[in-house]
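Q: Could you take a close look at one small part of this protein with me? I'd like to go through it residue by residue.

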Amino acid sequence: MIKKISIFLLLLSALTIVKAHNKTAEEQGKQSVLLKMNLKKGASYLFSTSIDQLVNQEVMGNQMDIKQQTQVDYIYEVVESNTQGMKIKSTYQTMAINMETPQGSFHFDSKRTDNPESPLKAVGKMVGKSFFMYLSPEGEVTKVEGMQDVLNSIGGEASTQQLLKQQFSDSAFMNMMNVSLNIYPNKEIQPNESWQKDFKMPMAGMMEMDLQNQYTLTAINGKQADISVHSTIKLSPLDSESPLGNMQINLTGTQDGKVQVDSSTGLINSSTINQQISGDISAQGMKIPMKITSKITLTGKAL
């Protein structure tokens, strides 16, 4: 039971001020911006993701909290770009993971040479490996190639390989990246105008995630577009057989945040999302109350 819960939690681990004060409200209202992904061929970017997560749970009357911090840096190289979309070579540059669990602490940092032995160490072999993403102007990841080769380079025990393949298969990774990148309406938007992006997808063959996102353009400052996001989240069991067995999942929540986008390229300059999920999971007659608090930060910059 505890092992299943740990796998489940790892999956949850697989998200301005208007400066033109001299303009009238009427002038601001007439502004609009074309929001789409438009990275140029030959350009390179550093894209960083950070997740800081606290899981509060009570198991058989005992508090068993888990803290997780993950930092991953990618290099994006735009191989092809046209009106239909982009092909991007994505290379893992650095990776750092810190976990504090009732069973002990686990740490890994690819920038260090003295990492202790832990199950996380094998994941470090992903650093330096590359895969390809195909993106539409809306930021939708339509295809991923090469993730299987990245996973094969890790090696390790069969159980570790199986878990990684479930979480980082081409289709699973495509779903995960879509949540971060598929945010653009691909049309002219004025301040205070909103658009909807909804996702309903399996997560590593273990559960279903229903994510309803509403984005609102809050301001235009030169080439920077400021966007707010509010989302509702629901996690539930898959209809088909899952490795989690008969575990029942009843978790719902919300997330709110701000995104700053370079309107000329569609690059996410910065994004900060605060997520709150609560509810319970049940199996074998045992119900486990759970609360998950996460801060998800994305940054991008041209190289």
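Which residues does D73 touch, not counting residues up to four places away in sequence? Please carry on from there to the aromatic rings.

A: Happy to! Keep in mind that this is a predicted model. D73 is found in strand β4, which covers residues 66-82. Leaving aside residues up to four places away in sequence, D73 touches L46, F47, S48, T91, Y92, Q93 and T94. With S48 there is a polar contact of 2.8 Å between the side chains. As for T94, its C-alpha atom is separated by 5.2 Å from that of D73, although the two residues are 21 apart along the chain. D73 has 13% relative accessibility, so it counts as buried.

Now for the rings. The model has five aromatic pairs. One of them joins Y74 and Y92, a tilted pair with 5.1 Å from centre to centre and 40 degrees between the planes. Because Y74 lies in strand β4 and Y92 in strand β5 (residues 85-101), this pair ties together parts that are 18 residues apart in sequence. Y92 also pairs with F131: the ring centres are 5.7 Å apart and the planes at 50 degrees, so this pair is tilted. F131 lies in strand β7 (residues 130-135) and Y92 in strand β5, so here the parts tied together are 39 residues apart in sequence.

Are these rings buried or exposed? Y74 and Y92 are both buried, with Y92 at 2% relative accessibility, and F131 is buried too, with a relative accessible area of 0%. To put the group together, F47, Y74, Y76, Y92 and F131 form one aromatic cluster, and two of its members, F47 and Y92, are among the residues that D73 touches.

How values were computed: Residues numbered from 1 in each chain as written. Predicted model: local features only at pLDDT ≥ 70, side-chain atom pairs only at ≥ 80, totals over all residues. Heavy atoms only, no water. Helix = DSSP H or I, 4+ residues; strand = E, 2+ residues; numbered from the N terminus. Buried < 20%, exposed > 50% of the residue type's maximum accessible area, 1.4 Å probe, protein only. Contact = heavy atoms within 4.5 Å. Polar contact = N/O pair within 3.5 Å; in protein donor to acceptor, adjacent residues only side chain to side chain. Phe/Tyr/Trp six-rings, centres within 6.5 Å; stacked < 30°, edge-to-face > 60°.
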